[in-house]
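Me: I'd like a close look at a single part of this model, one strand and whatever it pairs with. Once that's clear, walk me outward to the rest.

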Amino acid sequence: MPKRTDIKKILIIGSGPIVIGQACEFDYSGTQACKALREEGYQVVLVNSNPATIMTDPEIADATYIEPLTADVLEMILEKERPDAVLPTMGGQTALNLAVEIWEKGVFQRLGIELIGANFNSIKKAEDRELFREAMRNIGLEVPGSAIVLSLEEGMRHIEEIGFPAILRPAFTLGGTGGGIAYNMEEYRELLEKGLKLSLNHQVLVEESVLGWKEYELEVMRDRADNVVIICSIENFDPMGVHTGDSITVAPAQTLTDKEYQRMRDASIAIIREIGVDTGGSNIQFALDPQTGRMTVIEMNPRVSRSSALASKATGFPIAKIAAKLAVGLTLNEIPNSITRETPASFEPTLDYVVTKIPRFAFEKFPEADPTLTTQMKSVGEVMSIGRTFKESLQKAIRSLETGSYGLDVSGFTDEEFFETKLRRPNNERLWAVAHAMRKGKSVSEIHELTMIDPWFLENIRQIVEAERELEEAGAKAKDILSDREALNGLKGMGFSDRRLGQLLGIGEDGIRKARKELGLRAVYKMVDTCAAEFQAFTPYLYSTYEKPFYRLASGEKTGVNTECEAAPSGRKKVVILGSGPNRIGQGIEFDYCCVHAVFALRELGYETIMVNCNPETVSTDYDTADRLYFEPLTIEDVLNIIGVERPEGVVVQFGGQTPLKLAIPLEREGVKIFGTSPDSIDRAEDRKRFRELLDKLALRQPRSDTAFSVEKALEAAKVIGYPVMVRPSYVLGGRAMEIVYDEDALAGYMRRAVKASPEHPVLIDKYLEDATEVDVDAVCDGRDVFVGGVMEHIEEAGIHSGDSACSLPPYSLDEDVVNEIKRQTAALALELNVIGLMNVQFAIKGKDIYILEVNPRASRTVPFVSKATGVPLAKVAAKVMAGKTLKELGLAEERSPFSHIAVKEAVFPFDRFHGVDPILGPEMKSTGEVMGIDTSFGLAYAKAQTASRSKIPTSGKIFFSLRDKDKPASVPIARKLLEMGFGIVATKGTAKNFEEHGLKVESVNKLMEGRPNVVDLLKNRELSFIVNTISDARAHKDSFYIRQNAMQYGVPYTTTISGARAVVEAIESLKKSKSLSIRPIQDYHKSPSSRA
Amino acid sequence: MGLGVRKSKKALLVLKDGVVFEGKSFGAEGEAIGEVVFNTSMTGYQEILTDPSYKGQIVTMTYSQMGNYGVNGEDPESQAPCAEGFIVREYLPFPSNWRSGKKSLGDYLKEHGIAGIEGIDTRALTRHLREHGAQTGVISSVDPDLESLLEKVRAFPDIGAFDFVKEVSSKEAFGWRQDLWRWPEGLALQGEKADGRKKVVAYDFGIKFNILRNLVHAGFDVTVVPAQTPAEKVLELDPDGVLLSNGPGDPQTVTYAVEAARKLMGKKPVFGICLGHQILGLAMGGSTYKLKFGHHGGNHPVMDLLTGRVEITSQNHNYCVDVKSLKGKVELTHRNLYDGTEEGMRHVEFPVMSVQHHPEAGPGPNDASHIFSRFRRLLDAR
C-alpha cells in the first residue's frame, strides 16, 4: 500500500530528560523517526524538553519545540501547529502517557487530529493491566495469576490467593517505578501503598511470582496490511525478578528449540493483532518455567523501547525508522532493507553472532541505596557487544563497561555472606560472583540453584574460568602460549582481553600485544548484515572477532593462508571518532551528541568518518550516522586494532568525555595522531602543578589548594588553606567522591574513606569559596582566535556540582564587566594552552573576584545546551577547527550580538529510584539528565525549565521554609516577596523567628521531633506547595532528611539552596505577569543564520 | 591447546575448489562427503539434520552456537539424521532445555555415525559458497592427507547424479495419526476417526513428519506411500487428494515420480511441496533449474499472491521451477521477495497446487501453514 496522502504534517512527542528507565534510546528512535518521515515528504513538528538530543537540532524537524512535556503545553502546540497526526510511540512512556492524557481531555478529537502508530484503544489495552489480561485470555495465552488493586483493602483481600512472594507493578509508571517484590505482609503493605501513590491511575497489579523463570523478549513489527515480522529474540541471563533494563541480556534466544521459539513467535503475532497495534513495533515479554515449559505473557509495550533500540543495533534492522514509515501507511515489503539494498524489510533478521548487553549502574553515587536488583529499574546505562560466541561477546561487554574490569577478574569477594548477598540476591556484581564461586569450587548446578541463571550461561562462564585456571596452573609453561598461535587465537576467540591475559601470565597487556604482533595474530572484522552473509551487505557495520585461518590447496601447497576480514578499508582521507561508551552519571547523552556532530562536520569537510562506540542506546551507533561503524569496546586494545586496519589520518578524542580522553596519551605513544588540542595541552590543564604554573603565567587566580598523600598532611594543608575545603581524589569523573568539609573531624573521616577508595592516587584539597557564583564557559579556539560560545551563570552556588546546577545563558545577574573579564580570561587560557577545538572553563565569582576552578580542553556537558540556546552548533564548529578550518573561515571570529531571549538548563535527578537516598545537592554529581526552558525573560525560562523537570512552580498556597542560620538574612526579601504575591509562609521555629523579627507574618510549625502537628502532617495533608530547605553540615542533613524524603514522596517541589529559592520567586513573578507560558519553535529564535559552520 | 573448552581430534573440511578449513571433530569420527550448503536458521538443528531433503548434503549452520538445547525425541523430522555431515562455528556440549534431558547433539550425531566439524570460520565458508556456489566437500577426522581428501572430493559425482529419493523413502506404505506438537501435550495422536475427514495419500520422497502432522491437523486421514508407488496403485486407494512431498536431490532424476504425477493430475487434487512442487512442474512439461547456493533457512519473505500477504517461510531447496515455462497452464501463486524466484503455482484447469517453500515449518515460522487448509478447501470444493 502506498503511503498516506491524507496527512501532511505529523507531530512527534519526545521523551524529555534522561531518567533511569528512559535514556538516549529515545533520541536514537526519535531522530530516526523524524528523518524517516521527512524523507517521505511529511512535515514534522517535534516536542521535547531535552536540549542534549540530536532530535532537537533545528535541522531534524520542520518546527522544534524545546518546551515542557506537559498536557497544557502540548495542547497549545497542537492548537498552534494543527498537525494532521501525532506519532506517540517514539518518546517512551512519557509520550504515550501524554497522548493518553490529551486524548482523555478530548483535545485530539476536538482538533481532528489522528493518533498514528498506536491508537488510543490499543495503548489502553496494552497498558491497562485488566484489559491486557482479558485480551490475553481471548487469544488463549496465559498470564501469571494476578489481581488489579485499586486500594489497600482490596490488596489485602487478593494477596491470600496470590501468595508470597508477590510482585507489585504500578500501572502507567516509568521503567516500573514503585514496583517491587514482597516476601511478607509488611513489605507487601509498604510497596502497595507506594505503588498506588505513584501510579497515574492509582492501579497496582499484584502478581503471582514467576521469580527464577526464564525471561524472553520478542521485538515484533506489524504493517497496515497485517504483515507481522519478528525482528529479534532476546534471552535474559538474569531470570525473572530483575527488571529487563537491569538484566544482562543476550540475542538471539539461546536455549529454545525451534518448536518452543515458534510457539513464542506465534503468541507474539497473536498479541500484536489482539492489542491492535496496526502499524509499528512492539516489545513483548515472556516468562518460561524452566521445568515444564509453561509460558506466560508478562507485558507488552506498544511502542519503540530500550529493547527495540538494542534489537535494532543487534540485528541491523532499524526498528524506529521502519515503524515511522509503517505509521504513514507503507508496508514492510515496500521498504527496502538498507543494508542489503536488494531485499525488502519484510523479513526476519538472522544472526551469525551473539550479542550481549550488560547494564551499567551508579550505586557508587548513592552509597545509601540498596543495590539489590528488583523489578524496579536502577541502571543508568548499558553496553552492548558482539562476538561470534557468547563467551566472546560477554567478555567484550565486560571490558566495554569501563568499570575497571577486563574480564571475570574481580576476586575481592570476602564477605562471609557471599553466597547469600552476591549470588542468591540479584545484584550488579553477580556475574563476577558466579565466576568467583566457580573458582571456589561451586558446581554449575549449585550455582544454578542459588541464582536460577540458566545452566547454559553458567557452563559458558565455567569454560572461561576453566581456561584461566589451566593457564594459571601451567605456571612457567603458560608462557609457551605466547608462541603458540593457535592456542592464543583460541583464547582471544573466547573474548579474553590482552589486559586479562597479561594479568594471568604476569606480563602485562603490552606483553600480550607484543606476542600477538610477533605471531601476526590480529582481530578480524565481520559485518552485521541482517542475513548471516546470505546476501551481500553494503553498510560497513562491523565487530571484531578472532577466527581461524583457511587456505587453498594448489598443486599440493597451502596457499593464501589467511583469516577473513570484511573491513575492506577505503583509501579515502579518514578520521576515527571515539565515542563515550555507556551512559553513566557524569557522562551521558551530551557527549554522544558532540560525537555525532563531529561526525557530521568532518563528513562535510570530505572525511570518511569512522565511529567507535559500544553504547546501543545512542545516535552515534546508528549505522546511518558515520560512514563506518565499529561496535567495539573503547579500550586501548580494541581501538588500536581498528586503527591498525583503518589507518586513519588521526583520531578525535575530545568529544566523548573521559572515555576517549584517557586514551589520548596511550594512543599518541603508539604513534597515532590526535586531532585538535594535543595530549600535552590536555595534561597541562589536568596536572595540578602544571596548571598552577599556567595560571601564574597568565596572572589568573584560583582558590588556594594543596595535595596530600596522608591524613596528617591533609589536615596540615587544610589548616593553611582555611576551612571550608573541598576534597577529592586526583582522578575524578562527575565529581565522584568529592566532598566539602567544614572541620578537622570531617576531613579526617573523609580521608579514611577516600584513600581507601583509591590508594595510589593522592587527595586534592581546595579552598571552598562559600556563596560564590559559579560560571561555566564553553569556547572554541583555533590557535589564533577564540569564540566564546556561551557564558552560563549557575543558579545554585559554587560547590554544587556544575552538572547538578541549573544555569542561565546569558547570565542573569552578573555585571557586564565581570562577564567581559570572564571572556577575556577564557580567551587567554585557550590561546596559552594552544587549544584546537573545544574548551570548557569553570569560574567562581565572589564579589568582583574571579577564580578559575577548572579548565577542560574538550567537549563539556553543556555544549548541546549552548548550541540550542545560541543557534551556533559548537561541536560542529570545533570539529571543523580541528580539521584545520579557522574561526574566521567559519564566520565566528567576532563576537555576536546579544540575544533577546534567555535559556535556562535544569538538571533532573533519580532520587525517586533510590529509596533512602537524601536528595541534597553537593559536589558529587547525581543528576541523570537535563531540560531546557527558553523564553524572553529569566523568570519565564526558569519557570519552563522547572516545569519540564517536573518541579512545578507554585502560583498559590503555602511555602515552607527551614533554613540554616547562614541563609536566614538572605531569605527575608524572598519571603517578603512571596507574601506580597499572596502566598502563605510556614517555617520551622528558628526560621520563623527570624522572619518575624523582620516584621513578616508567618506561621510556625513543629519539626518532626517537636510534636504534632508537624511539617510531615502538612505535607501529607497537601497543605504545602513548595519547600525551601537549606542545611549546613552532615549532621543537619541527617536531621532534616525526613523533610526532603516526604516532599519527594508526596510530590511537593523543593529547593535545597537559597539561590534556587530566589530563582523560583522570579519565576513566580514572571508567571503572574504573563498569566501563562507561551511557546515558540527553536527555529524562530535563531532565524538569522550567523554562522557558516 | 584449546584452553577451557572441549578437547577433541582435529578435523578437516576440504571443498572441491581446493579450499581447506581446519577445525575440531565433533559427533562421529570419520569421514563425510556431500554437497556443502549453508542454512541460516538460528533454531531447529535437530529438524534440519533429520530432514531427508538434506540427504547427500553437508550442512553448515550460519548461526554460531550449536548444541545449546540438546536433542529430544519430539523434534526429528524423520527416523534418523539424513544430512551427511554437520559444520558449526562452536559446538556447546552442555545442553540446557526442559525437553532434552541431558542428551547432547554431539552424542546424537555419534550415535548415528554423522561426522561434524566445529571451530572453523563458518561465515567465511558461507561467503565462499555464496560467491562460488554450493559444491562438493569432505569432512574428515581420519584422513589427515589433504591431497587424498581433495582427490576424494574431485572423484565424487555431483549431487545431480544420485537418486537419493529411493534411499530416504519408506519402503512400505503406512498410516499416520500424529498431530502437531503443542504444549503441554507434546505430540498427541489425532482423535478417533471423525466425520468430515478427507483421505489423502502422501508420496514419501523423503517426507518430513511435520507435513504429515499438518495434514492431520487440517483434518485429513493420512496414508503414506513409497516414492515409487505407481499412480494406478494410488488411484486404487481412492483418496480425496494426493500430496507430493519434499525430498532430496535433483527433480530430474526422479522420473518415476514425474510420471506418477502426470497421471494423477486431473484425476485427483494434488498438492506438491518443495520437491513435490518441482515434480509437478516437470510433469506439466515445465523446466527446472539449479540455484547457485539454494535457499536454506527460516526467514525468507514470500508473498502469497492470492491474499497479498507476506509470509515468513521455511526454505530448503537448491532447485526451482521455471514457472514461466508453464505459461498458460498454471497461475503463479507465490513469489520469494528476496530474489524474486517463483515459489508457488496452481493449475488453471485441474485442482493442482504447489509451493516451493515449506509451509509445514519444522523448523521455521508457521506463517504459511494455512495452506494445508487451502488444500483441504480445494478438496471440499469438489
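Reply: Start with a pair of residues: A:Glu219 has A:Asn283 as its bridge partner in β13(A). This is a predicted model, so take the pairing as the predictor's version of things. The strand that brings A:Glu219 into play is β10 (residues 214–222) of chain A, which runs antiparallel to β13(A) and is joined to it by 9 bridges.

β13(A) has another partner as well. Strand β14 (residues 295–301) of chain A is also antiparallel to β13(A), with 6 bridges between them. One place to look is A:Ile284, which stands opposite A:Met300 in β14(A). β13(A) and β14(A) make a hairpin with 6 residues between them. In that turn, check A:Gly293, which has a positive phi of about 80 degrees.

How enclosed is β13(A) by the rest of the structure? Largely enclosed, because 8 of the 9 residues in β13 (residues 280–288) of chain A are buried.

Further along chain A, helix α17 (residues 485–493) has its own buried set: A:Leu488, A:Gly490, A:Leu491, A:Lys492 and A:Gly493. What do they sit against? The buried residues of α17(A) pack against four helices of chain A, α12 (390–400), α16 (455–473), α18 (498–505) and α19 (508–519), and against the strand β18 (541–545). After α17(A) comes A:Gly495, with a positive phi near 95 degrees.

Later in chain A, you cross over to chain B. Strand β19 (residues 550–554) of chain A pairs with β2(B) in the antiparallel sense, over 3 bridges. In β2(B), B:Phe21 is the bridge partner of A:Phe550.

That pairing belongs with a contact that takes 65 residues from chain A and 57 residues from chain B. On the chain B side, the elements giving two or more residues are β2 (19–27), α3 (122–132), α4 (146–155), β17 (287–304) and β18 (309–322). The largest share there comes from α3(B), with 5 residues. By class, the side of chain B that touches chain A holds 27 nonpolar, 18 polar and 12 charged residues. For the model as a whole, ipTM is 0.98 and pTM is 0.95.

Now for chain B itself. It is divided into domain 1 (10–156) and domain 2 (165–380), and the centres of these two domains of chain B, taken over C-alpha atoms, are separated by 27 Å. Their contact uses 23 residues of domain 1 of chain B and 26 residues of domain 2 of chain B. On the domain 1 side, β3 (31–39), α1 (45–50) and α3 of chain B each give two or more residues. β3(B) supplies the largest share of that side, 3 residues. The residues of that side of domain 1 divide into 8 nonpolar, 9 polar and 6 charged.

Stepping back, chain B has 10 helices and 21 strands. Its radius of gyration is 21 Å, close to the 21 Å from the globule rule for 382 residues, so chain B is as compact as a globular protein of that length. The C-alpha trace of chain B spans about 65 × 45 × 40 Å along its principal axes. Of the 382 residues in chain B, 62% are buried. Among contacts in chain B between residues at least 6 apart in sequence, 75% join residues at least 24 apart. As for confidence, chain B averages a pLDDT of 96, and 99% of its residues score at least 70.

Conventions. Residues numbered from 1 in each chain as written. Chains lettered and ligands numbered in written order. Predicted model: local features only at pLDDT ≥ 70, side-chain atom pairs only at ≥ 80, totals over all residues. Buried ≥ 20, exposed ≤ 12 C-beta atoms within 10 Å, placed from the backbone. Contact = placed C-beta atoms within 7 Å. Nonpolar A, V, L, I, M, F, W, Y, C, P; charged D, E, K, R; others polar. Pairing = 2+ DSSP bridges. Domains from an automatic or database assignment. pLDDT = per-residue confidence, 0-100. Rg over C-alpha atoms; globule rule 2.2 N^0.38 Å.
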